[in-house]
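Trainee: I am new to this structure and would be grateful for a close look at one helix, set in the context of the whole protein.

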Amino acid sequence: MSPSPPLLGGAAPAPARAAPSFLPIPIHTRRRVPTTRAAAPSFFPIHARRRVSTTRAAASHSHANDAILLRRAADVADLSAGLTSPHPNFGCVIARPQLDTDSADSRVVGEGFLYAQGTPCAELLAAQEAGEQARGATAYLNLEPGDCYADGTAVGSLVQAGIARVVVGLRHPLKHLRGKAIQALRSEGIQVDVVGEDLQSKLFKEALKSCLIVNAPLLYRAAFHVPYSVLKYAMTADGKIAASSGHASWISGKASRGRVFELRGRSDAVIVGGNTVRFDDPRLTARHVKGHVPVRIVMSQSLNLPEEANLWNVNDAYTIVATQRGARRDFQKKLAMKGVEVVEFDMLNPRGVMSYCYDRGYLSVLWECGGTLAASAISASVIHKIYAFWAPKIIGGLNAPTPVGELGLSQMTQAINLMDVSYEQRVAGAEAGCEDIAPGVIAGGGSAELGEGGAVIVGGRGL
Ligand SMILES: Nc1c(N[C@@H]2O[C@H](COP(=O)(O)O)[C@@H](O)[C@H]2O)[nH]c(=O)[nH]c1=O
């Protein structure tokens, strides 16, 4: 069994040990890559430039300059969050001093990021964009390149472009790849500076954090052999996730729901239990946000599920039903006829399903289940992070469900302390009916203070 990951709030820890090579990705995952992005190898991430606040770095080769541009590489890499699984999110920013002006700023001349599996690598795209201006310039990489296709494209692109110096945020997390690209670049006479080794200063702390966060799921997966799991729930101010009747539409408002679509779009799979299917008939798609659509996974021991359900419509997204071996084989056949994949487990439990997701190459999983399954997943130590959406409403009800069911903890001293808690507040439009709060999170082991109106609290725990 994998060791327990440490408490997590934002950044992932350095990998404790290497994972095996990336696994082949299931065919349905390949199909889910949006063609609008994947089919554009010469894509210039104009929007990336808008998203990154600093367009010009400080003095070339100064630590400030390097740190800013490295963060920018991480921001660019993040543009394909959810799309690259099981590969990392790679970003490359090429910048050069502006010798023809008095400015000490570096100028970005090329950027690129890995869109998805099978698309051109970040380094190639950035070098193509930079063209002749790459000669003598510095390339900033959030992560040391791997060489999944064994063709040395990433290193070759930088060498051929005439890059003089490369700044690397993190070495590759996989043992068999770690250091290889760095060595190959150095052997070509390129200066390679690795953060934490060749570059050490306070300025790099934040830049390094950005590099860790952008690939937190991959780093977790490589270190602990489980996908990175996030539990998300929306609750009322009195801590309920539905009325006593089970009705839950809606607790949170439009802004928060949009945030949930974003979270889904960054995940490889979304998991719910049978109760959620029976009560909510969810779709679990990332509609309203462009990009990746996660696989929907239903965990149901009994397979006592409705004959008709939105999740059985696999035109929206792929659906897997995980069940106990031998459960309702007739119903299994019906699901299979609809295109739903049924997977039998000898013992259906969160850890087994996470192992299965790991074997399928998933990096990150979003749990949108009710309290019973959430408690089971927490007890099984498979949850790394929690997004708690808090809505300024009271529903009451002795039997109204709460986000986390029985954990077997009887003393408050046994409570699981979240760490790195933060929060953010979002105010939805008037149509939402009330103010709505969004993500809050993280900071050193304490509890989060909620803003007026509502909040999203994010925190992590150890498994
Ligand atoms: N009620 C509730 C949530 N409920 C979650 O969203 C699922 C429905 O997703 P979909 O069918 O795709 O819209 C539902 O089954 C449950 O997991 N989520 C929220 O952010 N806020 C809410 O108020």
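Among contacts in the protein between residues at least 6 apart in sequence, what percentage join residues at least 24 apart? And could helix α9 (residues 216-224) then be described closely, with what covers its buried residues?

Mentor: The model is a predicted one. To begin with the contacts, 74% of those between residues at least 6 apart in sequence join residues at least 24 apart. The protein has 463 residues, of which 50% count as buried. Its secondary structure consists of 14 helices and 16 strands.

The domain assignment gives domain 1 as residues 27-216 and domain 2 as residues 226-460. Where these two touch, domain 1 contributes nine residues and domain 2 contributes 13 residues. On the side of domain 1 that touches domain 2, five residues are nonpolar, three are polar and one is charged.

Helix α9 spans residues 216-224. Residue 216 is also where the range of domain 1 ends, and domain 2 begins at residue 226. The helix is mostly covered, with nine of its nine residues buried. In order, the buried residues are A216, P217, L218, L219, Y220, R221, A222, A223 and F224. A residue counts as buried here when 20 or more other C-beta atoms lie within 10 Å of its own.

The cover over the buried residues of α9 includes two helices, α8 (203-214) and α13 (350-359). It also includes two strands, β7 (228-236) and β12 (364-367). Just after the helix, H225 takes a positive phi of about 60 degrees.

Helix α4 (residues 63-77) offers a second case of a mostly covered helix, with 13 of its 15 residues buried. From its first C-alpha to its last, α4 reaches 21 Å, close to the 21 Å expected at 1.5 Å a residue.

A final topic is the ligand. The ligand is surrounded by 18 residues, and the closest are A234, I251, D280, P282 and E368. Two elements, α10 (254-265) and α11 (274-280), each give two or more residues to this shell. The largest share, three residues, comes from α10. By type, the shell divides into nine nonpolar residues, five polar and four charged.

To return to the part requested, α9 is a helix with nine of its nine residues buried, and its cover includes α8, β7, α13 and β12.

Key. Residues numbered from 1 in each chain as written. Predicted model: local features only at pLDDT ≥ 70, side-chain atom pairs only at ≥ 80, totals over all residues. Helix = DSSP H or I, 4+ residues; strand = E, 2+ residues; numbered from the N terminus. Buried ≥ 20, exposed ≤ 12 C-beta atoms within 10 Å, placed from the backbone. Contact = placed C-beta atoms within 7 Å. Domains from an automatic or database assignment. Nonpolar A, V, L, I, M, F, W, Y, C, P; charged D, E, K, R; others polar. Near = placed C-beta within 6 Å. Expected span 1.5 Å × (residues − 1).
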